[in-house]
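Ready for some practice with a protein model? Work through the exercises below with the structure open, and try each task before you read its solution.

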Amino acid sequence: MTGNHKDKSITRRRALAVTGGTVVAGGLAVAGYQAAFADTATATAEEATTASASASQSSGCMTLMSSVTEGPYYLDGALVRKDITEGKSGVPLTLRLTVVDATDGCTPVKGAAVEIWHCDAWGYYSGYTTANPGGSAPAESEDGSTADDDTYLRGYQIAGANGVVKFETIFPGWYTPRTCHIHLKVHTGGQKEDGTYEGGKVNYTGQLFFDDTIAEEIFTLEPYSKHSGSYTTLDDDMVYDGGGASSGLLTLEAVHKKDPSKGYKGFLTVAVDPDAENTGAGGGGGTPPGDAPSGAPGGTPSASASS
């Protein structure tokens with residue numbers, strides 16, 4: 001595909017993507033990585049995380065994450081589930097996030113409900129499947145999957161004692177005029193009910209971002225390559241502010257270094273204030289071009305999605 005390709009040399013931003021940033025205290029960075037990539041939340045991992053969080057109280061704590069708009073594609077009622085793909089095709093992405101309290105020495109936030117949503121490989125969101133992603137892309141209905149058009153690539157996970165949640169999804173595509181990203185909210189004080197999460201409040205609304213070099217390589221692969229046009233890089237994105245990990249830049253690890261189609265693991269420590277409230281409602285964040293059809297954000301989602 002064509003795009004606003006940048007110089008491929010290692011920049012400070014790409015260094016942040018590789019290392020996870022310098023805003024995390026040394027002990028917490030190590031513990032966060034171990035907790036994020038452990039296959040199970042074992043007692044040993046929990047003890048390591050707790051010990052490192054305690055040490056961070058004297059050595060400094062991660063900068064509070066910067067809340068941003070929830071964007072135009074949010075829908076209530078996402079399901080509590082680990083795998084949100086529903087058969088959508090794309091490069092596999094295992095996403096592991098560790099929620100910590102930035103006001104209390106970066107201690108894990110037990111019971112935090114992390115909600116994520118993002119577009120498919122061609123730039124379409126569930127609930128808004130007729131919204132034009134910009135450039136040239138097949139219709140969403142041509143992807144051949146059995147995914148529910150109102151629920152795919154949306155979901156909640158609830159953190160255990162170590163503050164970690166894990167999602168199985170696909171690498172997002174892109175839409176004009178945004179860079180590749182995943183939306184998220186951190187909720188506390190509610191509970192799982194009828195398959196979703198009810199009550200409580202939203203403490204943080206943010207977005208997760210991907211290194212340009214990795215994203216552009218992914219977009220040369222099927223099915224992403226069927227969406228052509230001008231991809232917006234991090235430097236030109238209207239939401240990402242260049243702050244590295246504290247602004248949502250993920251650390252990515254390839255499952256197979258020589259074959260990106262095998263997928264990636266992504267992690268980030270999300271530092272929030274559990275007493276704060278920020279829904280991110282009312283912001284923009286990338287409404288598609290003016291020729292978008294009537295189902296585009298800014299209008300009304302499909303009747304079944306809004307019920």
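**Exercise 1. Find out whether Glu 140 is buried or exposed, then look for its charged partner.**

Step 1. Glu 140 has a relative accessible area of 6%, so it counts as buried (buried means under 20% relative accessible area, exposed over 50%, partly exposed in between, with a 1.4 Å probe and protein chains only). Keep in mind that this is a predicted model, where local features need pLDDT of at least 70, side-chain atom pairs count only at pLDDT 80 or more, and totals for chains, interfaces and linings use all residues. Residues are numbered from 1 along each chain as its sequence is written, and side-chain values use heavy atoms, with hydrogens and water left out.

Step 2. Now for the partner. Side chains of opposite charge can pair when their charged atoms come close. Here the side chain of Glu 140 meets that of Lys 88 in a salt bridge, 2.7 Å from N to O (a salt bridge is a side-chain nitrogen of Lys or Arg within 4 Å of a carboxyl oxygen of Asp or Glu).

Step 3. Check where the two sit. Glu 140 is in the loop between E3 and E4, while Lys 88 is in the loop between helix H3 (43–59) and E1, 52 residues apart. (Helices, H or I with at least four residues, and strands, E with at least two, are DSSP runs numbered from the N terminus.) Lys 88 is buried too, with a relative accessible area of 5%.

**Exercise 2. Which other residues join Lys 88 in a salt-bridge network?**

Step 1. Start with Asp 143: its side chain and that of Lys 88 meet in a salt bridge of 2.5 Å, N to O. Asp 143 lies in the loop between E3 and E4 and Lys 88 in the loop between H3 and E1, so this pair ties together parts that are 55 residues apart in sequence.

Step 2. Look at the cover: Asp 143 is partly exposed, at 22% relative accessible area.

Step 3. Put it together. Salt bridges that share partners join Lys 88, Asp 120, Glu 140 and Asp 143 into one network. The whole structure has 7 salt bridges.

**Exercise 3. Work out which way the side chains of strand E3 point.**

Step 1. Find E3 at residues 113–117; 5 of its 5 residues are buried.

Step 2. In a regular strand the side chains alternate between the two faces of the sheet. In E3, Ala 113, Glu 115 and Trp 117 point one way, and Val 114 and Ile 116 point the other way.

**Exercise 4. In what order do the strands of the sheet around E3 lie?**

Step 1. Take one neighbour: E3 and strand E4 (residues 154–158) are joined by 5 bridges and run antiparallel (two strands pair if DSSP finds at least two bridges between them). Ile 116 stands opposite Gly 155 in E4.

Step 2. Take the other: strand E6 (residues 181–193) pairs with E3 over 5 bridges, again antiparallel. Val 114 has Val 186 in E6 as its bridge partner.

Step 3. Carry on from E6, which pairs with E7 over 12 bridges in the antiparallel sense. Gln 191 stands opposite Glu 198 in E7.

Step 4. The order is E4-E3-E6-E7, an open sheet of 4 strands with antiparallel pairing. E4 and E7 (196–209) stand at the edges with a single partner strand each, so one side of each is left without a neighbour in the sheet.

**Exercise 5. What does the side chain of Thr 205 touch through polar atoms?**

Step 1. Locate Thr 205 in strand E7. Its relative accessibility is 0%, so Thr 205 counts as buried.

Step 2. The side chain of Thr 205 makes a polar contact with the side chain of Lys 185, at 3.4 Å (a polar contact is a pair of N or O atoms within 3.5 Å; within protein, one must be able to donate a hydrogen and the other to accept it, and residues adjacent in sequence count only if both atoms are side-chain atoms).

Step 3. There's a backbone partner as well: the backbone oxygen of Asn 278 lies 2.7 Å from a polar atom of the Thr 205 side chain.

**Exercise 6. Where is Asp 194, and is it buried or exposed?**

Step 1. Asp 194 lies in the loop between E6 and E7. Its phi is positive, about 55 degrees, although Asp 194 is not a glycine.

Step 2. At 76% relative accessibility, Asp 194 counts as exposed.
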